[in-house]
Amino acid sequence: MRTALIIAACITSLSLHAQIWEFDLGGLAGSGLRGGNEPGVATPSPATGGELHENFPTDFPSITYNVATRQLRVPIGWGSDNGYVDLTGTYSAWHIHGPVASNPGDDVNDYFTRNSPPLPYTFNVPQDQSTDGSRRTASIDQTFTLTDVMIGGNLYSVDQQVADLKAGRWYINVHSTPTYGAGEIRGQLLYVIPEPQHYAALAGVALLGFAGYRKFRKNAQPA
């Protein structure tokens, strides 16, 4: 009985890990939130941002989606207080936009070149870390619970949202005034495929634990 419980616990551990998806940010100019990731901008902003996990790994996780709870957690920042480059203007808004248009044969690189409206969720105001209230350097750690929403009079179900999120059809945009009202820095949400080595390591730990338990049982048997 106890053997079955240990095996079940190991399987549960692997299953729970598979329910947490991780995401990176990227685009036309590279990783993170960048001015060069904004398509069709004549003079991209030099500002940068990205995941808080990159510069504060012990304080923040990566961008993650929990399959079981339908929650998307977005801990991001921009500007010098977060290890990046300040916005050139005064912060005005940030959004998750999507889904970008998809055509047959597209891959994620095609999505970098397309725009879409903000998703109909509530976006909290970032913490201001500037000295003048401009939020040129700021951070936010917000968790969204995905729900069925309406876009253009059409139902955008949670299942379709999750599929689009995983496919790379959503992106984060940070807007500022006066120059970059349409978006100063941007980063596409890119699903991180779990490395086989990681699952192998978890399975190895589980097997070692089971082997240790068997050895303990054998030694504990009366002579």
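1. Start with His-53, which lies in helix α2, spanning residues 52-55. Bear in mind throughout that this is a predicted model. With a relative accessible area of 29%, His-53 counts as partly exposed, because that class covers the range between the 20% limit for buried and the 50% limit for exposed.

2. What does His-53 touch, once its neighbours within four places in sequence are left aside? It is in contact with Phe-60, Pro-61 and Ser-62. For Phe-60 there is a polar detail too: its backbone oxygen lies 2.7 Å from a polar atom of the His-53 side chain. If you're looking along the chain, also check Ile-76: it is 23 residues from His-53 in sequence, and the two C-alpha atoms are separated by 8.0 Å.

3. Now the strands. Ile-76 falls within β5, which covers residues 71-78. Strand β5 is joined to β8 by eight bridges, and the two run antiparallel. To find your place in that pairing, look at Val-74, which stands opposite Gln-142 in β8. Strand β8 also pairs with β7, again antiparallel, through two bridges. There, Asp-128 stands opposite Ala-138 of β8.

4. Strand β8 carries a ring worth a look, Phe-144. The model has eight aromatic pairs in total. One of them is Trp-94 with Phe-144, edge-to-face, with 6.2 Å between the centres and 65 degrees between the planes. This pair links distant parts of the chain: Trp-94 is in strand β6 (residues 90-97), Phe-144 is in strand β8 (residues 138-145), and their positions lie 50 residues apart in the numbering. Are these two residues buried or exposed? Both Trp-94 and Phe-144 are buried.

5. Phe-144 has another aromatic partner, Tyr-121. That pair is edge-to-face as well, at 6.0 Å centre to centre and 65 degrees between the planes. It also links distant parts of the chain, since Tyr-121 sits in the loop between α3 (108-111) and β7 (127-128), 23 residues from Phe-144 in strand β8. Why do both count as buried? Tyr-121 has 16% relative accessibility, so it counts as buried. Phe-144 has 5%, so it counts as buried too. The cut-off behind both calls is 20%.

6. Elsewhere, there is an aromatic cluster to pick out: Trp-21, Phe-23, Tyr-65 and Tyr-191 form one group. Tyr-191 also has a charge to look at, as Lys-166 lies over its face, 4.9 Å from the ring centre. A comparable arrangement involves Tyr-171: the charged end of Arg-186 sits over its ring, 3.5 Å from the centre.

7. Finally, the overall picture. The secondary structure comes to five helices and 12 strands. Of the protein's 223 residues, 38% count as buried. How much surface does the protein expose? About 11800 Å², with carbon and sulfur atoms supplying 56% of it. As for contacts between residues at least 6 apart in sequence, 66% join residues at least 24 apart. The Trp-94 and Phe-144 pair, at 50 residues apart, is an example of a link between distant parts of the chain.

Terms used. Residues numbered from 1 in each chain as written. Predicted model: local features only at pLDDT ≥ 70, side-chain atom pairs only at ≥ 80, totals over all residues. Heavy atoms only, no water. Phe/Tyr/Trp six-rings, centres within 6.5 Å; stacked < 30°, edge-to-face > 60°. Helix = DSSP H or I, 4+ residues; strand = E, 2+ residues; numbered from the N terminus. Buried < 20%, exposed > 50% of the residue type's maximum accessible area, 1.4 Å probe, protein only. Lys NZ or Arg CZ within 6 Å of the ring centre and 35° of its normal. Pairing = 2+ DSSP bridges. Contact = heavy atoms within 4.5 Å. Areas by Shrake-Rupley, 256 points an atom, 1.4 Å probe, with all protein chains shown as cover. Polar contact = N/O pair within 3.5 Å; in protein donor to acceptor, adjacent residues only side chain to side chain.
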